[in-house]
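Q: Could you look closely at a single part of this model and describe it in connected prose?

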Amino acid sequence: MNSVFCTCEKIWINAQLATMDPQVAAPYGLLKDHIIGVKNGKITVISPMHKVDINEFHGEIHDVQGNILTPGLIDSHTHLIYGGQRSLEFTQRLNGSSYEEISRTGGGILATVTATRALSEDELVEQAQPRLEALLNEGVTTVEIKSGYGLTLNDELKILRAAKKLAADYPFHLRSTLLAAHTIPPEFRNSPDAYIELICQEIIPRVADEGLAEAVDIFCEKIAFSAAQSEQLFITAEKAGLGIKIHAEQLSNSHGAELAANYSAWSVDHLEYLDEAGIKALKKSGTVATLLPGAFYFLGETKQPPVELLRQYQVPMALASDLNPGSCPLASLRLMMNMGCVLFGLTPEEALQATTRNGAAALGLGEITGTLSVGKAADMLLWDIDDPAQLAYQFGATPLLQRIFAGEISHV
Ligand code: DI6
Ligand code: FE
């Protein structure tokens, strides 16, 4: 047998590979007339068709007839485990109340905290399933899930355990993030510092011990936590060996992104109010700027994130759904790609980078997934399209022919 094929169990032939690999100097890292081979869940071979003799391969062959393969999509920021829903608040906002006003009067995140605390782990799994399935069905193969609607040790653990259950039942890579610092819980209304202490002294150590999350996140905003409180959390997360993420500069500029960059954060997310000093800090630390156009759209925001400056400084941009009941109940990463282009001015190529390679980096998975490259996970999507730009161009019709997760064809 041809030595190339010794390392393959399955091959896809006659493919156009939108590798998204920066080493491939073509738009989308496109390689025409290629084969891609996989073994044990990883990509083992990428080769031009004319350099191999297919007749020498005796494993599983998929002839894709010129169709396009991309990396699996990565939704690097979701809050998809929660109880209940908030359509009442949607109505209130359309009648003139602002998101901040609603959150200051006990609605908003706290309404979902009450609903989430009331549910068991299994009930949370059940309510999250349709949202997760919606993402997976359109080609998402890696999903980050944040806690943050429990705000007690046990309720945060319950959410993170529910995420593990989902990961055991569905074909996707899970990255869990502890967002106990999502908002100040009612029990600590007058002592937010004491809540940060609880997170640092009890919740983070327990979550790290049990291996329930890979990263820690905080909502740094006037209506939530300060930069000083964020820093305390980062110091503890760093000691516990957890990655760092932050919700920053969504409604105002608290300089949280710059702070998080100084702690080598994996990503800083939202960023409508990010300034040039923040962008310079991101460039220096190699932190990903994650844009969440769904929340911008759903809250009717008008302040645009500084996309052109991020481009100038070559800060990697990710796009994610922020799927949550308050600011973005929209369970579609493809829609976010379209919004990233239409609302924020990303190019279709940037939108695909933002939901593959840069999404992986935003989760500390840059070496593992996010591009079609030898050695990475065989997370691949086969599309019935002529041009990769179609993935950002159209939403609703899903031209997905095959969803391949860790080398297995896995429809959800
Ligand atoms: N920013 C957001 O957009 C979400 N969380 C956050 O910190 C909103 C969460 C919610 O409204 O339930
Ligand atoms: Fe969020």
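A: Asp322 is buried, with a relative accessible area of 1% (buried means under 20%, with a 1.4 Å probe and protein chains only). In this predicted model, local features need pLDDT of at least 70 and side-chain atom pairs 80 or more, whereas totals for chains, interfaces and linings use all residues. Residues are numbered from 1 along each chain, chains are lettered from A and ligands numbered from 1 as written, and side-chain values use heavy atoms, without hydrogens or water.

Asp322 supplies an OD donor to the iron ion (ligand 2), alongside the NE2 atoms of His77, His79 and His247, at 2.1 to 2.2 Å (donors are N, O and S atoms within 2.8 Å of the metal, or 3.2 Å for Na, K and Ca; water is not among the atoms, so sites may look incomplete). The spacing of these residues in sequence is H-x1-H-x167-H-x74-D. His79 and Asp322 link distant parts of the chain, 243 residues apart: His79 lies in the loop between strand S6 (73-75) and helix H2 (87-94), and Asp322 in the loop between strand S13 (317-319) and helix H13 (333-342) (DSSP runs, at least four residues for helices and two for strands). His79 is also buried, at 2% relative accessible area.

Thr355, in the loop between helix H14 (348-354) and helix H15 (357-362), is buried at 0% relative accessibility. Beyond neighbours within four places in sequence, Thr355 is in contact with Gly72, Leu73, Ile74, Leu319, Leu333 and Met337 (heavy atoms within 4.5 Å).

Note on methods
Buried means under 20% relative accessible area, exposed over 50%, partly exposed in between (1.4 Å probe, protein chains only).
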